Amino acid sequence: MQRSTIRTWFLIHKWTSIVCTAFLLMLCLTGLPLIFHDEIDALTEETPAYGMPGVGSSGEAPGLRPLDEMLAKALAARPGEVPVFMAFDNDQPSMTITTAPRPDSPASDMTIQLLDRSTGEKTGAVDEDGVMHFILQLHTDMFLGLPGMLFLGLMGLFFVIAIVSGVVLYAPFMRKLDFGTLRTSRSTRLKWLDYHNLLGIVALAWMTVVGATGVINALATPIFQYWQRTELAEMTKAYAGDDAVTPDRYGSIDAAMAAARESMTGYNPQFIAFPGGGFSSQHHYAIFFQGGTPLTERLLTSALVDAETGTFTDARPMPWYTKMLALSQPLHFGDYGGLPLKILWAILTLFTTIILGSGLYLWLGKRRSGTDALVREVESGGTIVPAE
C-alpha cells in the first residue's frame, strides 16, 4: 500500500474516531446495564402474584378475561384518554395497555398500565422516572427525541467507518509483528498502541455488529413512517378519503382479535396498535402477530381489522426493512442467547471502552508526533521511523 493511500486511511480513522469517541464512551457505559435490564428488573421489582401463572395473555386459555373488559379498566383509570397500544406476554397473563390524550400523542404523554388478564386487576404501571428508564433514554436519544436518535445513529456510522479504516491500517502495521504482540517494555505509547490494536482486532466482528445494529435502531422511527406511507397505505387504499374512526366509534377488540386469528393460525398476537397512531392507519386495529420459534417471534405479521365494523381487511408479513430492524434490536443488546451471551456482550463492551480510551490517549500523543511520522510507522510495519 502506498504512503498516500495509508495517509488517507489514517486520516479517515483519526477523524471518524475523534468525532464519535465521546458519544461511544457514553453509549458503552449506558449500554452495559441495559444488557442486563431483565436481570436488574427482576432484582429490583416485585413480581406480581398472577391468578393463572404460566398462562400467556396472548393465548385463548379459558379463564382469561375479555380484552374489551381489560381495556375498559385501563380507560377507567385514565379518564379522558384514548387507547394507543395493547401488548401481550406469551409466558404470563400479564399485559400492558398504553393510553394517551390523543392517538398520536408523543411518547412522553403516554401512560403504560400493567394488568393481569387472568384476574382483570391492575398490577402496576411502568415507572418512567426510574434509573433504568433514565439510562435507556440517555442511550437511545439523549432526551432529544428523534433528532437525538438520528444524531447517535450518525455517531454509530462514524464508528463503523472508524472500524473499517482501522482494519485497513492493521494489515500493513502488523506486517512485521506477530499477532498479539504487546511491547510492554517499550514506551507507554507503544504499549497502549498494541493494546488498542489487539483488542480492536479481537472485538472486530462484535463492534461491527453492534455499531451497525445501533445505526439501524436509530432509524426505527423513519423506518415505520416509511412503512406507513407505503406498505400500510397499500393495504388500506380502499379507505383512502374516508374520515378517521374516532375512539367513540371503536368496535369490540375481542371481535377484531377473533377475526384476525382466523387468518393467523399458529401465531400469537404481540401487540395491538389502535387507529391514528404511528403503527396503524386511521381506520384499523393493527394486530401484530409473531411466530412460535426464537427467530420467527421477532418477525412480525400485521393483520388489519376495521376498527368500527370488526371486518378483517388484510394481513401481510412486515417488509424486509422492518424485519432488519426487528432482528437488529435483540442483536444489539445480546438478547438472543440468554445470560451467557449477555456476559459475553458485557465483556466485549468493556473491551470497546478500553479501545476507545486508548484511542483517545494515542490521539493526544499523536499530536506531538505528527501525522507524517505516524503514517511512516504504519508503512514500515510498526517500526518507529525517525522524522524525515
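# Exercises on a predicted model

The buried residues of helix α8 are A220, I223, F224, W227, L232 and M235. They belong to a predicted model, and the exercises below start from this helix.

## Exercise 1. Helix α8

**Task.** Determine how the span of α8 stands to the expected value, where its kink is centred, and against which elements its buried residues pack.

**Solution.**

Step 1. Helix α8 covers residues 220–235, which is 16 residues. From its first C-alpha to its last it reaches 21 Å, close to the 22 Å expected at 1.5 Å a residue.

Step 2. The helix has a kink of about 40°, and Q228 is at its centre.

Step 3. The buried residues of α8 pack against three helices, α5 (146–173), α7 (204–218) and α10 (320–333), and against the strands β6 (284–290), β7 and β8.

## Exercise 2. The pairing of β7 and β8

**Task.** State in which sense β7 and β8 pair, and over how many bridges; then describe the turn that joins them.

**Solution.**

Step 1. Strand β7 spans residues 301–306 and strand β8 spans residues 312–317. The two pair in the antiparallel sense, over five bridges.

Step 2. A specific bridge partner can be named: A303 is matched by A315 in β8.

Step 3. The two strands form a hairpin with five residues between them. In this turn, G310 has a positive phi of about 80°.

## Exercise 3. The surroundings of R261

**Task.** Decide whether R261 is buried or exposed, and identify the residues in contact with it beyond its sequence neighbours.

**Solution.**

Step 1. R261 is found in helix α9, which covers residues 253–261.

Step 2. The relative accessibility of R261 is 15%. The cut-off for a buried residue is under 20%, so R261 counts as buried.

Step 3. Leaving aside neighbours within four places in sequence, R261 is in contact with S58, G59, E60, Y267, P269 and F289.

Step 4. For S58 the geometry is more specific: its backbone oxygen lies 2.7 Å from a polar atom of the R261 side chain.

## Exercise 4. Nonpolar cores

**Task.** Describe the largest nonpolar core and the elements that contribute to it, then trace the contacts of I272.

**Solution.**

Step 1. The largest nonpolar core has 24 residues, and those with the most contacts inside it are M86, I272 and Y285.

Step 2. Two or more residues of this core come from each of α3 (67–77), β1 (82–88), β2 (94–100), α9, β6 and β7.

Step 3. Beyond its neighbours within four places in sequence, I272 is in contact with V84, F85, M86, F88, I253, M257, Y285, A286 and I287.

Step 4. Another core, of 20 residues, lies apart from this one; M142, M155, A203 and W345 are among its members.

## Exercise 5. Positive phi in the loop between α4 and α5

**Task.** Give the phi values of M142 and F143, and classify F143 by accessibility.

**Solution.**

Step 1. M142 lies in the loop between α4 (131–140) and α5, and F143 is placed in the loop between α4 and α5 as well.

Step 2. Phi is positive at M142, about 55°, although this residue is not a glycine. At F143, likewise a residue other than glycine, phi is positive and near 65°.

Step 3. F143 has a relative accessible area of 40%, and therefore is partly exposed.

## Exercise 6. The protein overall

**Task.** Report the secondary structure content, the burial and the share of long-separation contacts.

**Solution.**

Step 1. The protein has 12 helices and eight strands.

Step 2. Of its 388 residues, 44% are buried.

Step 3. Among contacts with a separation of 6 or more, 63% involve residues 24 or more positions apart.

Terms used. Residues are numbered from 1 along each chain as its sequence is written. This is a predicted model: local features need pLDDT of at least 70, side-chain atom pairs count only at pLDDT 80 or more; totals for chains, interfaces and linings use all residues. Side-chain values use heavy atoms; hydrogens and water are left out. Helices (H or I, at least four residues) and strands (E, at least two) are DSSP runs, numbered from the N terminus. Buried means under 20% relative accessible area, exposed over 50%, partly exposed in between (1.4 Å probe, protein chains only). A polar contact is a pair of N or O atoms within 3.5 Å; within protein, one must be able to donate a hydrogen and the other to accept it, and residues adjacent in sequence count only if both atoms are side-chain atoms. Contact means heavy atoms within 4.5 Å. Two strands pair if DSSP finds at least two bridges between them. The expected span of a helix is 1.5 Å times one less than its number of residues. The bend at a residue is the angle between axes fitted to the seven residues ending there and the seven starting there. A nonpolar core is a set of buried Ala, Val, Leu, Ile, Met, Phe, Trp, Tyr and Cys residues joined through side-chain atoms within 4.5 Å.
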